[in-house]
Amino acid sequence: MSTTTNPLKRNTSGLSLTPPRVKRTQKRPRIDPLHDSGSPIYKRLDPSRREIRLLRPTWSTRTTSSTLEYTLETVSLDDDIQFVALSYVWGDERTTKDIYLNGRRRGITTNLASALLHLSIHSLPPNGSVGLESDSDDKFDGYDDAQADVGHKADPERVARTLRSITRGNDLLRLSVHLGRTPLWVDALCINQDNLRERSQQVQLMRDIYGKAEGVFSWINSSGGKNINLALRALRELTPDLKSHSDFSWMRLHQELCVLDNSGGRFGNKYWNAFHEFENSEYFRRLWIFQELWIGSERVLFVCGDESLPLVSLQHYCDWADEVYKRPWKQRPLRIMHVDLWDRLNLRLPLFEYQNATLSPMVQGYGFYIGMFLSITRRCRCKDARDKVYGLLGVFQMEITPNYEKAVEDVYVEWATDPILKIPPTILLLFSGIGNYPSSDTRVLPSWVPDLELLNDQLTFAEYKDYLPDLPVDLQEHPVRYRARMLRTKGITCFGIHNTTVSKVCTKGVGLHGKLQHFERIAWLSWITILKYLATNKAYLLSDPNLNECHRIRQFIETLVRIGWGPKADAFNRREGSDFIRLDLIHKFSTTTLFGKLLYLIRVAIGRLEESELVNAELILKSMGVRSCPDMLKMWMDVSVMWTPNTDYENEPDMDFDFYPSVTLFGQVIFHTSSGLVGIGPPGMMETDKVYLIHGLRLPVLLREVDGTLVNVGACYIYGISDEASFEILKERVNEVQVINIVH
């Protein structure tokens, strides 16, 4: 099987980042495309010649500086052609602007119109006199020459020369488009969006379209366009001066980035406010954008107004910042740079979280490979639910032909059973389940197929890579005869044992409703879930008199630590003198010490909620069964009487530590089992659901009997029977292993 190399992967051989081949479909629906009747705008394309359409600017008596007019020309991707692909967000469909396309009036969103206007010959004088002679043969060959590694180990001077060379080349290409010499490819205009067959055919050409384009212009616009302009200019000027992660000479050259300037905003520095707006732009939240940037790689140029930034410059910054941010606190030059600004060095862009991954299951293992697909799908949005699959065909290897006439559920089943992906059935069980997704009258998915459209709204424990089956390592823990497999009738056969049953669902899960991008603002609300659980289950938690590691309060605390960090998590300094608690340290602390810290952090969370500006905070509290902050304080006082000062552990480590509340808990529920264990599971679980341990899985799975068959409810975490303990129980109870068929 051939492999697809991540074009953003840091390499030591050079800056040549070969784009992979791609497939793709529409990311933006049309709105009132034709206002006039008459001959159609679009003529039929010949799929056998791999034809596409390109936009050419034209002039007529209708043309003004604010009126755009284009003709469509048909070309073959097999010919020697030059064009630039436009990457953009479709924008608000309620505000539109008319352009002329092949002489016919056509409505487009104002965001697309703004992009075309800034890139078009229409914004130039009719004679096109802007300083580049019409017979000039200037051409930038820097992409072929830019072989220097932009990683932190590269020669700094060579990196600086390379970045400046790429910037000059992008300026020439942008000017060529501006003069009308180089045509544009714009999906919303070059594809007949009303023709589903054409859309499906063009999707199969996307990897070649973006791979063959001379450049990819990424238009980023927002209500605060001036801030985006400032961010692009500042990053473009800064990156050539970034050398090694231990060299801070850039601080002398760019002192404006190191101090608070009383400009207000979130960070008190206009540049970092601008960087924050840039990284939180809607542009980076779209699934199609992820693929377009991935494919375009070094040919991508971010554009906003008159400012621009090559993607390779942004990549260089992110690589450098990632290394710098790992420095211990004592080695950070906080006397030069304000601590609040230092914490902002790392830009959090989903694109670069996967830059070091080679997207091949043969290299990374199927667990990691599919986990990345699901993570990208969950984080990025798209208009058409089918695009959750079609929008990544150019990044991941799949034997899937786009077909927009198929039902969404058929597309998802096709993805789950794709013969190239070969998704392990155990991974499907982790991300699926009727307990994770609300029922729908319009879509009926088998319980073993993840609802890719709703992954953004409902987290599962399988979000964390440490829970994914590490094939073939995990399979070595289980006999070959017990490996799960797909059924010919589209289902899953697995092997396991019934361990216990859900006896009580103690809390209510709250759907994230698309708020996942506000992770830092809502994660601490998980403390409210914890407080309510402690208050309403105090008698149960205190009914076990043992104060050792089997104490129910300790079970609960260790469960919180486990779902927050995973089995391989390392503590790191959040602030000087304070670490996040680690699993390998937790056994050194007594239950009372851990519970005392838990109570303290819950009280801090209540204080934060009282001062919170979180939109709809009151509604969120009510959905969690809490009336108000005073109500929470009363619960906290009631729970705090459960704690007594510690006198048992004389040799506890002399260190301050924190718990980190996982956003997962905000969307999941806490439950008890008939065997006296505490667990955390999907929000749609019910009492009497059965807990099964499955060969090949680190987590227990909840199954429900419906009409005589078992359906998947979802994965859960239960202290004492998850992770390695699950493997050991399966070995001890090998005679109880049974065949489990999940077909609905």
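Q: Where is the place of Leu116?
A: In this predicted model, Leu116 belongs to helix α1, which covers residues 110–119.

Q: Buried or exposed, that Leu116?
A: Buried: Leu116 has a relative accessibility of 0%.

Q: Which residues is Leu116 in contact with, leaving aside its neighbours within four places in sequence?
A: Leu68, Tyr70, Leu86, Ile108, Leu184, Val186 and Leu189. As for distances, the C-alpha atoms of Leu116 and His178 are 9.8 Å apart in space, with the two positions 62 residues apart in sequence.

Q: Nice. Let's zoom out: how many helices and strands are in the chain?
A: The chain has 28 helices and 21 strands.

Q: And how many of the 744 residues are buried, as a percentage?
A: Buried residues come to 59% of the 744.

Q: What about contacts with a separation of 6 or more: what share is from residues 24 or more positions apart?
A: Those account for 75% of such contacts in the chain. And on the surface side, the accessible area is about 31,300 Å², with 48% of that belonging to carbon and sulfur atoms.

Q: Could you show me a pair of positions far apart along the chain? Where does Ser432 lie, for instance?
A: Ser432 is in the loop that runs between α18 (425–431) and β10 (485–487). The C-alpha atoms of Ser432 and Gly714 are separated by 6.1 Å, although these residues are 282 residues apart along the chain.

Q: What else does Ser432 touch, not counting residues up to four places away in sequence?
A: Besides Gly714, Ser432 touches Tyr437, Ser447, Trp448, Val449, Pro450, Asn712 and Val713. Ser432 counts as buried because its relative accessibility is 0%, and the cut-off for buried is under 20%.

Q: OK, on to Cys494. Which strand is it in?
A: Cys494 sits in strand β11, residues 491–505. Cys494 is buried too, at 1% relative accessible area.

Q: How are the C-alpha atoms of Cys494 and Asn741 separated, and by how many residues along the chain?
A: By 6.6 Å in space and 247 residues along the chain. Leaving out neighbours within four places in sequence, the contacts of Cys494 are Leu429, Ala484, Ile694, Gln738, Val739, Ile740 and Ile742.

Q: And Val89, where does that one lie?
A: Val89 is in the loop between β3 (84–87) and β4 (96–101). With a relative accessible area of 17%, Val89 is buried. The C-alpha atoms of Val89 and Trp219 are 7.9 Å from each other, and the two are 130 residues apart along the chain.

Q: Switching to helix packing. At what angle do α20 and α26 pack?
A: Helix α20 (residues 526–536) and helix α26 (residues 629–640) pack at about 55°, and their axes are 9 Å apart. That angle makes α20 oblique to α26.

Q: Left-handed or right-handed crossing?
A: Left-handed, as α20 passes α26.

Q: Which residues meet there?
A: From α20 there are Ile528, Leu531, Lys532, Leu534 and Ala535, and they meet Met632, Met635, Trp636, Asp638 and Val639 of α26. The residues of this contact divide into 8 nonpolar, no polar and 2 charged.

Q: Why is α20 described as largely enclosed by the rest of the structure?
A: Because 9 of its 11 residues are buried. The buried residues in α20 are Ser526, Trp527, Ile528, Thr529, Ile530, Leu531, Tyr533, Leu534 and Ala535.

Q: How many residues of α10 are buried?
A: For helix α10 (residues 287–296), 10 of 10 are buried. Among them are Trp288, Phe290, Gln291, Glu292 and Trp294. Just after α10 comes Ser297, with a positive phi of about 40°.

Q: Speaking of backbone angles, what phi does Arg50 have?
A: Arg50 has a positive phi of about 55°, and it is not a glycine. Arg50 lies in the segment before β1 (51–57) and is partly exposed, at 24% relative accessibility.

Q: And what about the phi of Asp707?
A: Asp707 has a positive phi of about 50°, again without being a glycine. Asp707 is found in the loop between β18 (701–706) and β19 (709–715).

Q: Is Asp707 buried or exposed there?
A: Exposed, with a relative accessible area of 79%.

Methods:
Residues are numbered from 1 along each chain as its sequence is written. This is a predicted model: local features need pLDDT of at least 70, side-chain atom pairs count only at pLDDT 80 or more; totals for chains, interfaces and linings use all residues. Side-chain values use heavy atoms; hydrogens and water are left out. Helices (H or I, at least four residues) and strands (E, at least two) are DSSP runs, numbered from the N terminus. Buried means under 20% relative accessible area, exposed over 50%, partly exposed in between (1.4 Å probe, protein chains only). Contact means heavy atoms within 4.5 Å. Accessible areas come from the Shrake-Rupley method with a 1.4 Å probe; for residues, only the protein chains shown count as cover. Axes are lines fitted to C-alpha atoms, for helices over the stretch in contact, and angles run from 0 to 180 degrees between N-to-C directions. Angles under 35 degrees count as roughly parallel, over 145 as roughly antiparallel, 65 to 115 as roughly perpendicular and the rest as oblique. A crossing is left-handed if the near helix is turned anticlockwise from the far one by less than a right angle, and right-handed if clockwise. Ala, Val, Leu, Ile, Met, Phe, Trp, Tyr, Cys and Pro count as nonpolar, Asp, Glu, Lys and Arg as charged, and the others, Gly among them, as polar.
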